[in-house]
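I set down here what I looked up in this structure, one topic to an entry.

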Amino acid sequence: MLDINHIAKTFNPGTITEKKALVDADLHLQDGDFVTVIGGNGAGKSTMLNAVAGVFPVDRGNIVIDGEDVTDLSEHRRARLLGRVFQDPMTGTAAAMTIEENMALANRRGKHRSPFRWGITQKERSMFRDELARLGLGLENRMQAKVGLLSGGQRQALTLLMATLQKPQLLLLDEHTAALDPKTAAKVLHLTRELIQDHHLTAMMVTHNMKDALQYGNRIIMMHEGRVIVDVEPEMKASLRVENLLEMFEHTSGGKLDNDRMLLS
Ligand SMILES: Nc1ncnc2c1ncn2[C@@H]1O[C@H](COP(=O)(O)OP(=O)(O)OP(=O)(O)O)[C@@H](O)[C@H]1O
Ligand SMILES: [Mg+2]
């Protein structure tokens with residue numbers, strides 16, 4: 001489903017700020033895999049997701065999504081294959097637009113149709129209402145409300161719904177619950193799992209919460225200095241505990257995990 005074949009990325013090469021963010025990142029996901037990604041600060045987790053999304057060209061290696069080599073495709077051209085949700089609840093939705101307008105944009109993304117030329121049809125509106133109802137946040141009754149009025153958690157739930165509306169080949173989540181309070185984060189994580197299961201999506205989720213990394217998904221990988229250093233297969237993941245994860249990390253990297261947010265959570 002996803003093949004990340006030995007990719008490398010150095011930012012600002014040849015300058016004083018040169019940074020080897022990815023050295024030799026290699027990862028292969030099966031259809032339906034839901035992999036959680038952990039690692040220290042600056043390990044290359046976001047860079048790997050951004051490389052898959054085509055935010056910048058990679059220096060070496062290639063990326064294949066569902067049999068299609070996307071390495072040379074622009075970010076825009078890859079967007080039809082991907083759903084993405086970031087940490088900041090303010091990104092991903094348009095504050096000045098209503099809930100239903102945001103959903104219409106997400107629903108028509110990549111289709112050659114001007115978003116508002118025909119307004120929102122009754123058929124769309126009823127589909128949006130059903131989708132919003134599954135969030136259990138009452139948003140289906142506020143479809144004409146501006147998104148800027150929603151709480152961070154409500155907005156993140158909506159972003160997730162919008163990112164999966166067109167059933168992307170691959171869902172990329174970069175600490176998408178990190179800015180939420182624990183209770184809201186748990187809600188959004190449950191929703192994440194539900195949407196991934198219902199739509200049979202393949203997903204990568206970066207998290208700094210090791211319990212979440214263990215609780216969610218069928219695989220877990222650890223990154224360190226631009227490489228995937230541990231890749232736990234489904235059979236083994238179910239029986240892992242946080243202590244085991246820390247041991248595996250220290251054993252493979254030869255040092256302690258340095259992620260302040262991770263150790264605080
Ligand atoms: N656009 C960029 N320009 C320059 N350096 C960058 C850029 N993006 C990332 N880096 C650097 O590359 C390294 C890897 O960053 P990345 O964001 O992938 O880490 P991360 O594993 O997501 O860490 P964190 O847990 O802090 O989010 C870091 O040293 C970072 O400063
Ligand atoms: Mg990051």
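I first fixed my terms: two strands pair if DSSP finds at least two bridges between them. Helices (H or I, at least four residues) and strands (E, at least two) are DSSP runs, numbered from the N terminus.

I noted that this is a predicted model, in which local features need pLDDT of at least 70, side-chain atom pairs count only at pLDDT 80 or more, and totals for chains, interfaces and linings use all residues. Residues are numbered from 1 along each chain as its sequence is written, chains are lettered from A and ligands numbered from 1 in the order in which they are written, and side-chain values use heavy atoms, without hydrogens and water.

Entry on the sheet. I found an open sheet of 4 strands, in the order β2-β1-β4-β5, with antiparallel pairing. β2 (19–29) and β5 (68–69) are at its edges with a single partner strand each, so one side of each has no neighbour in the sheet. I then looked up β4 (residues 60–65), which pairs with β5 in the antiparallel sense over 2 bridges. Val64 stands opposite Asp69 in β5.

Entry on helix α9. Which residues of α9 are buried (under 20% relative accessible area, 1.4 Å probe, protein chains only; exposed is over 50%, partly exposed in between)? They are Leu245, Met248 and Phe249. These residues lie on the same side of α9, because they cover an arc of only 100° around the axis (taken from the directions from the helix axis to the C-beta atoms). On the other side of α9, I found Glu247 and His251 exposed. Just after α9, Gly254 takes a positive phi of about 75°.
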